[in-house]
Protein chains: 4
Amino acid sequence: MAKVFDYAEVAKHNTAESCWVVLYGNVYDVTEFVPDHPGGSKVILQLAGTDATEEYDPIHPPGILEETLKPENKLGTIDASTLPSSEKSPAQETPDESGPPDLESLLNVDEIEEVATKQISRKAWAYYYSAADDLASKSFNNTVYRQILLRPRVFVDCTACDTSTTLVGHKVSLPIYVSPAAMARLAHPDGEHGIAQACGLFGAMQLISNNASMTVEQIVADAQPGQLFGWQLYVQNDRAKSEGQLARIKKLDTIKFICLTLDAPVPGKREEDERSKNIGAVLPVKSAVQGGESTSQTSSSPQTNFNPEIKPGGIGQSLFAGTAADLTWKTTLTWLAKHTNLPIVLKGLQTHEDAYLASLHAPQVKAIILSNHGGRALDTAPPAVYTLLEIRKYCPEVFNRIEVWVDGGIKRGTDVVKALCLGARGVGIGRPALFGLGAGGKEGVARVLEILKAETETCMRLLGVAKVEDLGMQYINTRSVERDIYDGPASLERPSLWEKARAKL
Amino acid sequence: MAKVFDYAEVAKHNTAESCWVVLYGNVYDVTEFVPDHPGGSKVILQLAGTDATEEYDPIHPPGILEETLKPENKLGTIDASTLPSSEKSPAQETPDESGPPDLESLLNVDEIEEVATKQISRKAWAYYYSAADDLASKSFNNTVYRQILLRPRVFVDCTACDTSTTLVGHKVSLPIYVSPAAMARLAHPDGEHGIAQACGLFGAMQLISNNASMTVEQIVADAQPGQLFGWQLYVQNDRAKSEGQLARIKKLDTIKFICLTLDAPVPGKREEDERSKNIGAVLPVKSAVQGGESTSQTSSSPQTNFNPEIKPGGIGQSLFAGTAADLTWKTTLTWLAKHTNLPIVLKGLQTHEDAYLASLHAPQVKAIILSNHGGRALDTAPPAVYTLLEIRKYCPEVFNRIEVWVDGGIKRGTDVVKALCLGARGVGIGRPALFGLGAGGKEGVARVLEILKAETETCMRLLGVAKVEDLGMQYINTRSVERDIYDGPASLERPSLWEKARAKL
Amino acid sequence: MAKVFDYAEVAKHNTAESCWVVLYGNVYDVTEFVPDHPGGSKVILQLAGTDATEEYDPIHPPGILEETLKPENKLGTIDASTLPSSEKSPAQETPDESGPPDLESLLNVDEIEEVATKQISRKAWAYYYSAADDLASKSFNNTVYRQILLRPRVFVDCTACDTSTTLVGHKVSLPIYVSPAAMARLAHPDGEHGIAQACGLFGAMQLISNNASMTVEQIVADAQPGQLFGWQLYVQNDRAKSEGQLARIKKLDTIKFICLTLDAPVPGKREEDERSKNIGAVLPVKSAVQGGESTSQTSSSPQTNFNPEIKPGGIGQSLFAGTAADLTWKTTLTWLAKHTNLPIVLKGLQTHEDAYLASLHAPQVKAIILSNHGGRALDTAPPAVYTLLEIRKYCPEVFNRIEVWVDGGIKRGTDVVKALCLGARGVGIGRPALFGLGAGGKEGVARVLEILKAETETCMRLLGVAKVEDLGMQYINTRSVERDIYDGPASLERPSLWEKARAKL
Amino acid sequence: MAKVFDYAEVAKHNTAESCWVVLYGNVYDVTEFVPDHPGGSKVILQLAGTDATEEYDPIHPPGILEETLKPENKLGTIDASTLPSSEKSPAQETPDESGPPDLESLLNVDEIEEVATKQISRKAWAYYYSAADDLASKSFNNTVYRQILLRPRVFVDCTACDTSTTLVGHKVSLPIYVSPAAMARLAHPDGEHGIAQACGLFGAMQLISNNASMTVEQIVADAQPGQLFGWQLYVQNDRAKSEGQLARIKKLDTIKFICLTLDAPVPGKREEDERSKNIGAVLPVKSAVQGGESTSQTSSSPQTNFNPEIKPGGIGQSLFAGTAADLTWKTTLTWLAKHTNLPIVLKGLQTHEDAYLASLHAPQVKAIILSNHGGRALDTAPPAVYTLLEIRKYCPEVFNRIEVWVDGGIKRGTDVVKALCLGARGVGIGRPALFGLGAGGKEGVARVLEILKAETETCMRLLGVAKVEDLGMQYINTRSVERDIYDGPASLERPSLWEKARAKL
């Protein structure tokens, strides 16, 4: 029979030398595991000697605990009566309990975000809502669609309207897909599985985040026949780990491609997320800003005792620990080719130069996603609409060689239609899906897809367009955006590579 | 003698199988009529078994009841004492009773809207005020006029100033006309007849809505000699109904043309209107969002019990039931030519391509109305000013071949003058007339016309222009708008049709 | 000895047939004079039978009463004890009595307006503050200066800085002058004489309004040697009156030119001014909107009893009564040449076409004032900066042939400098002078000039410019304005006249 | 033994004839010194006869008292018990005492300003915060960076990131330097020495203000080996004083160049600073607006007794007393060459013409600083970004001949990177350093540098750029700024000088 521990004893083991934690009523000795934690050792050490269940649960896939620790690491169980009361009732973290809203009464994506903001925890909201610096790119992602006007045609029979299309060769009912947003269980226990359920209902594609809070097997478990998934890869510094993940994906035939994320080789500065790290915490978390090594200090002054380091925290930051920042066109794509036969979708391109380079790697690369990471990586990076117009201006042949998808700022069916008119083949939604989950679990995600599908159909009908493939530049007026599209020098590497590439074609 | 019913008995007949309603104190069995209701069966079923007078009255022409039902459908009368009190005193629906304002003290169209907003019911306000999605087009309709500057000339004798002109060959005293706005009796019992009275006073044209809340005969009954009317047609799926309407219009010689509305083949998404549907309702209306068939679901999941349908409600939505979405240039104009000799005015054009196509159908088509339906159909559709400038840029000959009218966003006499300078011959007002009606019945509409006429005259005098036909592009500076006019590819059908058409001329 | 009247008896004479008023304690019979009142008969009849002193005093020059009425019109004096108390203490009209501010503590023109707004009556504020329609032109007059950037040069000796220049050949110490703003005594008893005193101190020019609240002789009475004045003419329908005024001006050799106002041939629509007409009135003023003849009604309906007339009120409106709206280049300038030898300055030009036409009338016309009447005439008319740039674009020779002055929106010394760089020779201030008067009488006007002079000098020094004549386009960056300058068709009369004119040169 | 004075006796000596002040408990007779005070005599006379310690201390270098006065000027000590209590407890001037914030919790420069605003005195805040007129340039300095978009490249190895560069040939770890902002001890006793300490930690350059509140020797006393300083020169009217300063600088070999400030030959109009001069003052300060000579009055009126002078006050104003306004390219640079061998950096250039002229004076002139003095000199002067783009447009060779630095409006690492992409080599921060000082002394300044360095590195990594010298125009999209860059006539002196210069090269 398992030994029963008092909390006071557990609390003593709160260092890197001896690190115990309580999880789901059990006591674990995780000392050996600390250095290998994918999220960094610091995160664990902050919780050393405490009941970490609440912190641990929403961001770890079920079962991962057993997978990771050895049996002997489980020391016994905790005597629940000895837990400090503040750890039992995390009132500050508890979201609004006034009950979920009537989803049918929510008429648009903004209203769903508003409801979710009240439903979910401050920490979850901060992680979803936050973006880099001053949120300029996040805001611009949406307003740029408002700058584009539609050009409806009349006397066109629009009784029929078909939103179906294909993505990397697979049929989908909607050009709208769910972007690989992490940590869905922060919003609702349905998690990424709930998103999959909603996508299944609408025939929509889902990209599964590398940082999902459920295992990929759990997420795709109840998929509809023919339901389309992609899996997002953040390449790890320890390549073997990534290779292991690819091998695991290979076994799941519902996963049709690998989405390699490129727009965040290092974390952006999401201040709202950083600020949230202590808010409502039930235990005195040690600041993630403390400690760590300073690498670029030029001198150390004996006369001062202040420490010029910046180590921002927040969930976003800890997810990055271990992510590789040294990817390159040649080495990474070659390495990938060795470990997967699935087509590659490159996510996070923001210039026509990179879109062009990607198109030179067809057919290994089948699609690119123009994305500024929801404004979360580099503030004042351009919205996807800008990159679409850049490609049209400099290298429209890209559209013929690979698929171009976009994400960021989609709030209305008219936004979806405008992206399609500009040449996008798929249109991703990230926050709307997560806020839908927060507002009402899988039903909330379905409501988001339902609204966007209906708005998209209404827009197509009022434009006089019956099929997705008939949408084009003649249905939009982009002049107020076009005059702001890049007109400067080509990048250094482009002139030669470019010309060589063209010569080859 | 008519039978007297208790309300409790009526209340039992609340299904599609047996549907009774109380109207004006009488009890009707409308079971047979339910499937044929032009506004859809659902709207009736929501009121089945109740006193529907309050819902019915402001949106149905007087007399239509007798016209529609057979004598035997009238079962008897209701015992008023048995009506539930909440149905007798719809306090929440009752508008502000503090008495009408002094119309003379209202100095501009905005002040009239402000007063009307307090006077009329929430439901009426929502129907008039609402526009598609985020109201971007509705707002832009007005602000685009603010972007255009006037260029007043000096040392011009402006003692005389004549605002008269002709529209489709008929003399009017004002270039301003009232657009075919529906449901005027929601605002005031004077209804569309009151608008006609005010137009008569000012020699202004009125377009009668297909969804007027009075019969067309009632509306034109007391017209001034020579007063000009047009009648708006929404083509019904059941063409025979539309043909019947055209035959009926043929008998009224005050109606000089048919206005075919094209900018709303399917309803736009007016959220304010949808939201209002239950507000202040005296009985628990069944949500219009429930029920109905889902047509585009790609899969049905046994694991989920949520219903991915969107069926937005509101008055606007129910008016659309039965409206045809399959009109085309060739079939519809040919069909029309068979059923009416009146000239056709096409409403809702938003591109130069369609304006050009329309001009090829002169003389059957005598005028076009550039309109985005008051921003109510497709959000981010362009304001009429954009389409005027597009026509000037691509096919100015249109102005010589057909008349071009505009509507949307007119709030000032300077707006009217700017539209005329850009080439418009008629300038329609929709909401201002309805809000005028709401603020003070027919006198309120007259006040609106009085203000706009005076402002138009002041503007013409200060520009140094004595006659409407002397207004032109030299009196306005449109540069800040011109740079945003469409510059993209011509529509697919245009190149050939266009050149062929030019060749023919 | 004068007869003493009871107020009750005076009150009986309140019609056009017998019209008495009390002024300064005397009782007058003004029945004969009513039809001849330059401000219209209605204004007097509204005050018939009452003590009109308060209404009369601030808008009539002292002495005009004796000049206008015959001795026998003075019937006697009023028994003050019989006056209704409400007429004695017009509390609502009484401005803030907390005492004048320390003028030295007011650092800019906005602060002076803010103080004046509290000091002066609601009616005076409304008259000064108001502008046409939505105040778009008034606002734009100022913001357009903010769009222009300065280009300061360094390493320039700026110890000396001379703001003096010449206007129509006369030396002034400042390029800033006071525009012909009416009704200065509404703001302060110092009135236009106070403005003259302040201008004298700073060597600034003053244009005397045709509607001044003091006689022109009173205004110029204490002028400095060499102090420069112009006199504004609104041509009256009764030309003989204007000829009389010109003859009277001829006797005053301090008045060096006639300023003919052209930008307001009919009154604009100043709603704030209209609204103010009843506010705080001590007696129930009959609405100026009632009565009058309707001229353009096309039909009269026996079925309606409402009256479609608009007759806006306010001070601005009544000043216009009798003003001629039939001026033309040929007739008016020819007529003027017969009645004055003074040079003519044309005020209110707003297009390059009119500026060019004016330049053809040199040397009779010596200067033009680009003005939209402070935004008070036609809303969305262009600011003077636009017209300056239009002239530069189309006919820069105008600057060589006549002087170009501007007014409207000046709030900072940088605004003055920018106007001068654009080619203006004189820069007029209207509201700032009146608000200065309101804030502190003549000292307040002096404070305004002191601030603007200091700011102008600071700006010139920081630009590295020592003299007014050295300012030019190289010191400003106007690109964000230039792209909005008119680019449309030339006016109808221009092509021939223009070419002919050029040929002649 | 020193004589002990009663405050009452000191208070009698409050005139220019006999001027005593109490400083640090001692009584001084400063009568002889009054006319020579670099800040003007008035400032002293306002404090004559009082304890001036509080006013004196934060804006004078320690030790300057002894240096300036003769021993016999020290009369004795004050009997502290006789001081009026109000002079002892200047409550209104006392800043928020709630204790310094946790610097680590402040995540960006705006938050640091917010905290500093609560920590420092109203007077210090007003001096730092204030800018000219309406703060248009100050605001634009920052928002113009928001208009520029970044263009991140993907698949670039960004594990390494090096922010080091060289400035005028000296190695620095950061391209960010601290601008020569005056009066640092107003914010915190650490003063300019604290700034130097923080710069030392980060290997950042510091420009020492001519108006520093510590002596230059004190500031550089504890510098790190190789730490880089420049010294700012405001040339005095009395050139001998400036020559003395240059001689003194020559002795300090840590100072590597002279920074000659050109953008403020006369003070700008900083209203916030002027307003603050009396706020919270413990004694009735005589207004700095009174007195002084009027130079440009054209007439004096015996009838008026008001004084048309403007003499704005504030700290900024008094720092200018004695500053020369007659500098020119030829005379000043020639004079400088005689008195220093150090390279010259010219600060305050705002046009491409002046940048070009400066480049002709290489190698004496080694760098220029594009600056509008933080918006403090001439309002609506262009931000440095405009001048960078002007140089690129008209004379890009300038970048090859001299270094171009910029300051103004930097709030984010992305701002720094954008300036570097545009061609700047150094990027100065003024207010952020002072507000950092105010928020937490030297640690606060270090926190500012820490944040900006981390943000700069993150930005470079996300752009895919490893070294400062690889940044360039291909990484930014400046189109929305470029269309507003000057396009007008070249300055008068340019054509010849320009061509001659080009011919010589």
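Okay, a word on terms before anything else: when I say strand here, I mean a DSSP run of E that is at least two residues long, and strands are numbered from the N terminus. With that in hand, take Tyr24(C), which sits in the loop between strand S2 (20-23) and strand S3 (26-29) of chain C. Keep in mind throughout that this is a predicted model.

So what's going on at Tyr24(C)? Its phi is near 50°, and that's a positive value in a residue other than glycine. Buried or exposed? Neither label fits: Tyr24(C) counts as partly exposed, because its relative accessibility is 43%, and partly exposed covers what falls between under 20% and over 50%.

Now hop over to chain A for another positive phi. His373(A) has phi near 65°, again in a residue other than glycine. You'll find His373(A) in the loop between strand S13 (365-370) and helix H16 (384-394) of chain A. This one has 10% relative accessibility, so it counts as buried.

Next, the cis peptides. In chain B, Ala362(B) and Pro363(B) are joined by a cis peptide bond, omega about 5°. Pro363(B) is in the loop between helix H15 (352-359) and strand S13 (365-370) of that chain. Chain C has one to look at too: the bond from Ala362(C) to Pro363(C) is cis, with omega near 5°. There, Pro363(C) lies in the loop between helix H15 (352-359) and strand S14 (365-370), so watch the strand number if you're clicking around in chain C.

Let me spend a minute on Arg461(B). It belongs to helix H19, residues 431-463 of chain B. With 22% relative accessibility, it counts as partly exposed. What does Arg461(B) touch, leaving out residues up to four places away in sequence? Within chain B, we get Cys158(B), Thr159(B), Ala160(B) and Cys161(B), and from chain C, Pro265(C) and Val266(C). A polar atom of the Arg461(B) side chain is 3.0 Å from the backbone oxygen of Cys158(B). And look at Asp157(B): it's 304 residues away from Arg461(B) along the chain, yet their C-alpha atoms are separated by 8.5 Å.

Last bit, the symmetry. How do you lay chain D on chain C? You turn it by 90° and shift it 0.0 Å along the axis, and the RMSD comes out at 0.1 Å. The two copies are therefore related as by a four-fold rotation axis. They use different surfaces, though: 1% of chain D's contact residues recur in chain C. And which residue of chain D comes closest to the rotation axis? That's Arg483(D), with its C-alpha at 6.8 Å.

Methods:
Residues are numbered from 1 along each chain as its sequence is written. Chains are lettered from A and ligands numbered from 1 in the order in which they are written. This is a predicted model: local features need pLDDT of at least 70, side-chain atom pairs count only at pLDDT 80 or more; totals for chains, interfaces and linings use all residues. Side-chain values use heavy atoms; hydrogens and water are left out. Copies are superposed by least squares on the C-alpha atoms of residues with pLDDT of at least 70 in both. Contact means heavy atoms within 4.5 Å. Helices (H or I, at least four residues) and strands (E, at least two) are DSSP runs, numbered from the N terminus. Buried means under 20% relative accessible area, exposed over 50%, partly exposed in between (1.4 Å probe, protein chains only). A polar contact is a pair of N or O atoms within 3.5 Å; within protein, one must be able to donate a hydrogen and the other to accept it, and residues adjacent in sequence count only if both atoms are side-chain atoms.
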